[in-house]
Amino acid sequence: MRMGLPTKLVRPSVRALHAYVPGEQPKIPGLIKLNTNENPYPPSPQVLRAVRAAVDGRLRLYPNPTAEALRERLAALHGCRPENIVVGNGSDELLALATRTFVEPRVRGGRLDAQAAASTVQYFTPSYSLYPVLADIHGAQHAAVPLAGDFGLPAPGALNRMRRNGRGEWTPSAALTFITTPNAPSGRGYAIGELEGLCNALRGVVVLDEAYVDFAQGHALELGLRLPNVLVARTFSKAYSLCFQRVGYFVGHPDLIAALHKVKDSYNVNGLGQVAALATLDDLAYYRAKFARIVQTREALRRDLAALGFSVLPSQTNFVLARPPRFSAEEWLARLRDRRILVRWFAAPSVRDYLRITVGTPEAMGALIEAVRAILDSGIGLTARGKRAEEAGRHA
Ligand SMILES: *Cc1c(COP(=O)(O)O)cnc(C)c1O
């Protein structure tokens with residue numbers, strides 16, 4: 001078949017790219033949406049007022065190019081200087097920016113030698129599936145390092161063996177390593193000592209992606225301020241109910257931050273996002289009360305699912321990873337969707353037996369548990385869709 005002319009104009013690596021697949025945002029009335037880890041509670045009233053008050057003739061003006069006021073407030077919050085902080089259009093933008101700033105496009109051929117390591121993006125699996133896509137877009141290579149069976153970080157000895165045997169792809173000199181902490185999609189948290197050991201073993205830049213850290217028992221921000229190769233990624237999206245506004249930031253060594261500022265677009269963070277984030281920092285008590293409530297709902301959800309035969313992993317996030325009984329996880333996805341409850345399922349082998357369920361309001365969790373009960377009561381035979389999924393699974 002002849003490739004169309006416009007397609008020929010696209011870089012071959014982009015033509016071959018498997019794009020990142022975001023969780024669905026369907027407009028089904030009455031849908032209970034538990035698939036993208038959004039906060040079920042709205043932003044604080046003060047934040048909504050601040051955004052409304054900023055919508056006037058000033059929209060014609062460019063926003064502050066480096067989000068100065070926000071960086072100053074964040075610096076005060078974290079006990080550092082504004083030079084330790086870069087703000088992005090969501091932390092996703094910053095992850096891409098880190099790839100462009102610290103990783104050389106691919107060196108062709110050869111083993112993972114020193115030169116190739118300079119163009120290697122490393123990450124653990126399973127974790128955030130955007131990382132390999134960023135590497136592919138940039139023309140870098142990836143090193144996917146499997147987590148332990150319980151989604152823990154592999155011990156130093158295990159990592160060294162992966163390297164020697166050439167079985168895994170552990171690359172201590174990788175230009176950039178992403179670590180999702182707490183981990184997604186498992187929800188597992190990691191001790192700061194363990195993270196520090198890894199950061200010290202790595203010679204390139206390490207991004208500790210703390211998107212869910214507000215729901216965890218601890219954080220590793222101090223590593224971004226203490227170790228010269230570590231950037232800690234935070235976002236206003238999940239914990240601070242601002243997905244719509246797109247604001248995230250890195251904390252790290254001023255030299256790394258300065259390099260990122262050189263590469264970023266001039267006006268990367270929109271003005272209303274800066275306003276909303278600043279107002280958020282004025283009302284942290286509101287959010288901390290919500291975190292406590294979500295953590296409480298999470299633990300109740302874990303107990304309720306376990307009582308129904310689910311195997312639920314401990315979670316330090318606003319979601320749980322649960323292995324359902326009776327039907328395959330993919331079948332559960334379809335059956336819950338039939339009842340207007342949307343959860344997330346990933347086909348990757350390490351997690352395909354699990355559902356990832358966002359913690360919502362107690363009411364939403366009540367509806368979920370009711371639906372689970374109904375499915376368990378009703379279902380001996382498979383739905384048509386489930387049968388098809390099962391067939392596909394058998395032939396895969
Ligand atoms: C949601 C998420 C992000 C992206 O957050 P934004 O700030 O909305 O771009 C980054 N990393 C992980 C692990 C996430 O789950």
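Guide: A residue is called buried when its relative accessible area is under 20%, exposed when that area is over 50%, and partly exposed in between. The structure shown here is a predicted model.

Visitor: Why is Cys-80 called buried?

Guide: The relative accessibility of Cys-80 is 15%. Buried means under 20%, and therefore Cys-80 counts as buried.

Visitor: What makes Cys-243 partly exposed?

Guide: Cys-243 has a relative accessible area of 25%. Because partly exposed covers the range between 20% and 50%, Cys-243 is placed in that class.

Visitor: How do you know that Cys-80 is too far from the closest cysteine sulfur for a bond?

Guide: The closest cysteine sulfur belongs to Cys-199, and it lies 17 Å from the sulfur of Cys-80. A disulfide requires two cysteine sulfur atoms within 2.5 Å, so the separation is too far for a bond. A search of the whole structure finds zero disulfides.

Visitor: Why is the protein called as compact as a globular protein of its length?

Guide: The protein has 16 helices and twelve strands. Its radius of gyration is 22 Å, and the globule rule gives 21 Å for 396 residues; the two values are close, so the protein is as compact as a globular protein of that length. Along the principal axes, the C-alpha atoms fill a box of roughly 60 × 55 × 55 Å. Of the 396 residues, 50% count as buried.

Visitor: Which peptide bond involving Pro-182 is cis, and where is Pro-182 placed?

Guide: The cis bond joins Thr-181 and Pro-182, with omega at about -5 degrees. Pro-182 sits in the loop between strand S5 (176-180) and helix H9 (192-201). The loop between S5 and H9 also holds Pro-185, and the peptide bond from Ala-184 to Pro-185 is cis, with omega near 10 degrees.

Visitor: What is stated about phi of Ser-241, and why is this residue called buried?

Guide: Ser-241 has a positive phi of about 55 degrees although it is not a glycine. This serine is found in the loop between strand S7 (230-235) and strand S8 (248-252). Its relative accessible area is 14%; the limit for buried is under 20%, so Ser-241 is buried.

Visitor: What makes Arg-246 partly exposed?

Guide: The relative accessible area of Arg-246 is 27%. That value lies between the limits of 20% and 50%, and therefore Arg-246 is partly exposed. Arg-246 is found in the loop between S7 and S8, and its phi is near 65 degrees, a positive value in a residue other than glycine.

Notes: Residues are numbered from 1 along each chain as its sequence is written. This is a predicted model: local features need pLDDT of at least 70, side-chain atom pairs count only at pLDDT 80 or more; totals for chains, interfaces and linings use all residues. Side-chain values use heavy atoms; hydrogens and water are left out. Helices (H or I, at least four residues) and strands (E, at least two) are DSSP runs, numbered from the N terminus. The radius of gyration is taken over C-alpha atoms; the globule rule is 2.2 Å times the number of residues to the power 0.38. Buried means under 20% relative accessible area, exposed over 50%, partly exposed in between (1.4 Å probe, protein chains only).
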